[in-house]
Amino acid sequence: MPAKGKHRRPKHHPITRKLALAGTGGAALTLPLISATTAGAVPTAPAPAALTAAPAAGTATATTYSVVAGDTLSEIAADHSVSGGWQQLYAANRSVIGDNPAIIRPGIKLKLGAEAEPARASRSAARPALAAAAKPAAKPAAKPATAYPNNLDGWIRESLDVMAKHGIPGSYNGIHRNVMRESSGNPLAINNWDINAQNGIPSKGLLQVIDPTFQAYHVPGTSLNSYDPVANITAACNYAAARYGSIDNVNGPY
């Protein structure tokens, strides 16, 4: 929206105040750019704009513009198609303009061409780095799930992986030795004759665990079925760790 108090420049007076709009995204900042004047003196009649070629670094040349009374940075940038508008023109010539871009003195020479490019080039070079920094880091590929064979070897190995996640001690040999003694590797084995069976809570599964013990030492993430091979082994090893330090320390009925 135009700022209040904006005036058109009368043809009979060379001194005026103009407004330059510097757009940033969807917003616009109104910046007054005062016409080029000479302090304490009536400005002379505008002289024709003078474009001269000044040597730049290396073999490149830089086009310069001599400011005359009544000029503004926005008009100069527009008239000479300065890439980046008056902001770029000011950035490239700040050393001669000073800290206020709204005031430019007649007679100073502004660089419009090759010598004014480094500021724009440095911003362009920075864009890829900024874009790379803003880009979120790629997520690591998910580790494929381990496939375990559906046999005693696979059940023991899967149980060991679950135990490792929960800090439950035990070794393959310790588990295998006790499984063979308790059930001969039959996941559906059940003891219907000992004292537990007489009390209505028979020992079940690969490591012959009674239901109350299975429920008390069940490990999250495994089946709630006490006959499930992995759940049975893992719960039994959890119980053995609590009572004996590890299933490796069990060498008989437990």
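Start at the largest pocket by selecting Glu182, Asn196, Ser203, Gln208 and Tyr254, which lie nearest its centre among the 13 residues that line it. What is a pocket here? On a 1 Å grid over the protein atoms alone, a pocket is an open set of points where a 1.4 Å probe fits, with protein on both sides within 12 Å along at least five of seven lines, and lining residues have an atom within 4 Å of a point. The largest pocket has a volume of about 300 Å³, the volume being the space filled by probe spheres set on the points, with grid points joined across faces, edges and corners. Its lining has six nonpolar, five polar and two charged residues. In this scheme Ala, Val, Leu, Ile, Met, Phe, Trp, Tyr, Cys and Pro count as nonpolar, Asp, Glu, Lys and Arg as charged, and the others, Gly among them, as polar.

A word on what you are looking at: this is a predicted model, in which local features need pLDDT of at least 70 and side-chain atom pairs count only at pLDDT 80 or more, while totals for chains, interfaces and linings use all residues. Residues are numbered from 1 along each chain as its sequence is written, and side-chain values use heavy atoms, with hydrogens and water left out.

**The whole chain**

Zoom out and switch to a cartoon view. The chain has eight helices and five strands; these are DSSP runs numbered from the N terminus, helices being H or I with at least four residues and strands E with at least two. Along the sequence the pattern reads β-β-β-β-α-α-β-α-α-α-α-α-α. Of the 254 residues, 34% count as buried, where buried means under 20% relative accessible area, exposed over 50% and partly exposed in between (1.4 Å probe, protein chains only). Among contacts (heavy atoms within 4.5 Å) between residues at least 6 apart in sequence, 51% join residues at least 24 apart.

**The tyrosine cluster**

Now go back to Tyr254 and add Tyr217 and Tyr239: ring pairs link these three into a cluster. Rings of Phe, Tyr and Trp (its six-membered ring) pair if their centres lie within 6.5 Å; planes under 30 degrees apart count as stacked, over 60 as edge-to-face and the rest as tilted. How many aromatic pairs does this rule give? The count comes to two. In one of them, Tyr217 and Tyr239 have ring centres 5.4 Å apart and planes at 70 degrees, so the pair is edge-to-face. Tyr217 sits in helix 7 and Tyr239 in helix 8 (residues 229-244), 22 residues apart, so this pair links distant parts of the chain. Is Tyr239 buried or exposed? Tyr239 is buried, with a relative accessible area of 13%, and Tyr217 is partly exposed at 26%.

Turn next to Tyr239 and Tyr254, whose ring centres are 6.0 Å apart with planes at 35 degrees, so the pair is tilted. Tyr239 lies in helix 8 and Tyr254 in the segment after helix 8, so the pair ties together parts that are 15 residues apart in sequence.

**Val209**

Select Val209, in the loop between helix 6 (195-198) and helix 7 (211-217). Val209 is buried, with a relative accessible area of 5%. What does Val209 touch, not counting residues up to four places away in sequence? Its contacts are Pro202, Ser203, Lys204, Phe214, Asn232, Ala236 and Tyr254. The C-alpha atoms of Val209 and Tyr239 are separated by 9.5 Å, with their positions 30 residues apart along the chain.

**Helix 5 and the serine after it**

Move on to helix 5 (residues 172-182) and colour Gly174, Ile175, Asn178 and Val179, which are buried. They cover an arc of only 125 degrees around the axis, which puts them on the same side of helix 5; the arc is that of the directions from the helix axis to the C-beta atoms. An α-helix has 3.6 residues a turn, so residues three or four places apart point the same way. Show helix 4 (152-165) and helix 8 as well, since what covers the buried residues includes both.Beyond helix 5, pick Ser184, in the loop between helix 5 and helix 6. Ser184 has a positive phi of about 60 degrees although it is not a glycine, and is exposed at 56% relative accessible area.

**Last stops**

Ser81, in the loop between helix 1 (73-79) and helix 2 (85-97), has a positive phi of about 50 degrees and is exposed at 65% relative accessibility. Finish at Thr72, in the loop between strand 4 (61-66) and helix 1, which is buried at 0% relative accessibility.
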